[in-house]
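Here are my comments on the model you sent, set out as numbered points. They take up the open spaces in the protein and then the contact between the chains.

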Amino acid sequence: MNTGVIYTETVVHAAPAEFVADAPYQLAIVSLDSGGRLTARIAGERVKIGDKVELVETRDGVEYFRKQ
Amino acid sequence: MRPVAVVGIGKTAFGAFPDRTLRSLAVEAGEKCMTDAGVSPSQIEAFYLGNFAGPAFVGQNHLAPYIAGSLGLTGVPCTRFEAACASGGSAFFHAVSSVAAGLNDIVLVAGVEKMTSQTTPKVTEILAGAGDMAGEGRAGATFPALFAMIARRHMHQYGTTREHLAAVAVKNHANGAKNPLAHMRKVITMEQALAGKMISEPLTVFDCSLISDGAAAVIIVPLERASEFTDLPVRILGIAQTSDYVALDAKADITTFWAVHEAAEKAYKMAHVSARDIEFAEVHDCFTIAEIIATEDLGFVKKGEGGWYALEGRTCLRAERPINASGGLKAKGHPVGATGVGQICDVALQIRGGAGELQLDRHSLGLAQNLGGSGATAVVTVMGGI
């Protein structure tokens with residue numbers, strides 16, 4: 001649950017009303033090493049498909065991953 | 001099952017109309033359609049309405065009888081269908097089912113959305129509700145973001161490029177410029193498409209369909225009664241609606257819309273045709289990548305080759321199998337609930353030979369493909385002349 005690989009990603013520039021202050025932010029679908037996929041935010045350095053990532057924190061119900 | 005035919009079509013222009021209400025748009029399309037078919041409100045036996053988010057966009061619920069009443073239509077079943085961007089297609093599928101089953105003879109189907117009265121961030125938020133709000137939505141996924149992630153994966157797996165995406169936008173704008181009802185009647189160049197403002201990487205503003213107001217309507221009847229209403233009936237040869245998971249991260253392979261593939265297989269089987277028989281198609285290009293994937297899922301081109309197919313001009317107006325001759329959602333506009341019904345109007349118009357400057361050379365067998373969300377609902381309809 002704490003580590004995985006980037007399956008796909010994007011950097012959101014046009015955000016929904018609730019997240020306008022966060023933009024631009026990177027969003028990714030992480031293939032978890034423990035199985036399954038999760039849509040999460042990326043903290044810190046930008047990631048690309050295939051990068052290994054680890055969970056940094058869960059804030060407001062959203063998982064933040066960063067490059068390993 | 002009884003064969004079903006479209007005997008009337010009606011559309012408003014798609015665009016930003018600050019002075020128009022949701023109801024007035026739907027009524028305009030409905031009245032045009034009834035005039036086209038020579039049908040009076042008292043003859044209509046049921047009303048099926050496609051609308052995604054009228055309650056959120058304009059604060060009005062109970063929309064089907066609300067609109068029907070303004071069309072002079074009471075005393076019949078009036079029902080709203082919500083299936084995200086496939087709301088119109090879903091309303092149409094269920095209307096066709098009721099006529100095919102013999103439950104109704106003369107049925108009005110309309111689709112409508114009034115979107116431009118809200119700010120873009122608010123529209124983005126409402127549209128995000130077509131995804132999984134407890135998962136991807138909570139993380140900040142917009143619809144452009146979901147399709148951007150689909151595009152990134154398609155690029156990774158198949159070598160699709162931004163030029164491939166841009167080729168779809170350039171072609172659809174060229175077609176839309178000739179469509180008198182299109183929202184964006186402006187030709188764009190490849191350079192402009194590639195240099196557009198970034199919305200969600202790698203998608204620029206030119207990869208995204210438009211936020212529009214608009215409505216569309218059709219009247220369907222059993223084929224055996226079609227001649228009472230028109231000399232140019234358009235037959236529904238095959239139709240299917242299918243579903244898949246709402247959340248993008250729940251799908252095994254996001255470079256394909258499995259529901260579209262399944263709906264196409266069913267619709268082709270019902271129509272006794274195969275993909276290669278289809279002469280033209282209106283597909284759901286909510287984003288440029290969606291048109292590329294649609295050409296693959298519908299079987300027009302091998303998986304992964306949709307980008308090259310677009311770049312080589314094989315989907316253009318005078319190509320062998322034109323895609324989105326109307327300008328597509330990209331240029332025509334995408335008033336969400338109206339889109340699926342509008343596609344049926346556009347395909348029917350081509351089959352009737354009434355598409356003017358956009359009239360195709362081969363127009364006897366066409367297809368409409370409507371997609372909801374990031375692929376959780378798909379409707380595919382195969383239509384032909386008599």
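1. In this predicted model, the lining of the largest pocket is made up of 22 nonpolar, 9 polar and 3 charged residues. The pocket encloses about 670 Å³ of space, and of the 34 residues that line it, those nearest its centre are Thr120(B), Pro144(B), Cys208(B), Ser209(B) and Ile211(B). Two elements of chain B, α5 and α6, give two or more residues each to this lining, and α5(B) gives the most, with 5 residues.

2. The second largest pocket holds about 320 Å³, and its lining divides into 8 nonpolar, 6 polar and 6 charged residues. It is lined by 20 residues, with Asn179(B), Leu181(B), Asp346(B), Leu349(B) and Ala355(B) lying nearest the centre. Both β1 (4-11) and α13 of chain B supply at least two residues of this lining, the largest share, 4 residues, coming from α13(B).

3. As for enclosed space, the structure has 1 cavity of 30 Å³ or more, with a volume of about 40 Å³. Its lining contains 4 nonpolar and 6 polar residues but no charged ones, and among the lining residues are Phe92(B), Gln343(B), Asn370(B) and Thr381(B). The elements that contribute two or more residues here are α4 (87-100), α13 (336-352), β10 (365-372) and β11 (377-385), which belong to chain B.

4. Turning to the contact between the chains, I note that 28 residues of chain B and 28 residues of chain A take part. Together the two chains bury about 2,200 Å², of which 57% is on carbon and sulfur atoms. On the chain B side, 28% of the area buried against chain A is supplied by Arg138(B), Met149(B) and Asp249(B), which is more than any other three residues supply.

5. Which polar and charged interactions link chain B and chain A? There are 2 salt bridges between the chains, and one of them joins the side chains of Arg138(B) and Glu63(A), with 3.3 Å from N to O. In addition, 19 residue pairs are in polar contact across the two chains, counting pairs in which both residues are at pLDDT 80 or more. The side of chain B that touches chain A draws at least two residues from each of α5 (120-128), α6 (143-158) and β5 (198-200), and α6(B) gives the most, with 7 residues. By class, that side of chain B comprises 11 nonpolar, 7 polar and 10 charged residues.

Notes:
Residues are numbered from 1 along each chain as its sequence is written. Chains are lettered from A and ligands numbered from 1 in the order in which they are written. This is a predicted model: local features need pLDDT of at least 70, side-chain atom pairs count only at pLDDT 80 or more; totals for chains, interfaces and linings use all residues. Side-chain values use heavy atoms; hydrogens and water are left out. On a 1 Å grid over the protein atoms alone, a cavity is a set of points where a 1.4 Å probe fits but cannot get out, and a pocket is an open set with protein on both sides within 12 Å along at least five of seven lines; lining residues have an atom within 4 Å of a point. Grid points are joined across faces, edges and corners, and a volume is the space filled by probe spheres set on the points. Ala, Val, Leu, Ile, Met, Phe, Trp, Tyr, Cys and Pro count as nonpolar, Asp, Glu, Lys and Arg as charged, and the others, Gly among them, as polar. Contact means heavy atoms within 4.5 Å. Buried area is the accessible area (1.4 Å probe) that two parts lose on being put together, summed over both. A salt bridge is a side-chain nitrogen of Lys or Arg within 4 Å of a carboxyl oxygen of Asp or Glu. A polar contact is a pair of N or O atoms within 3.5 Å; within protein, one must be able to donate a hydrogen and the other to accept it, and residues adjacent in sequence count only if both atoms are side-chain atoms.
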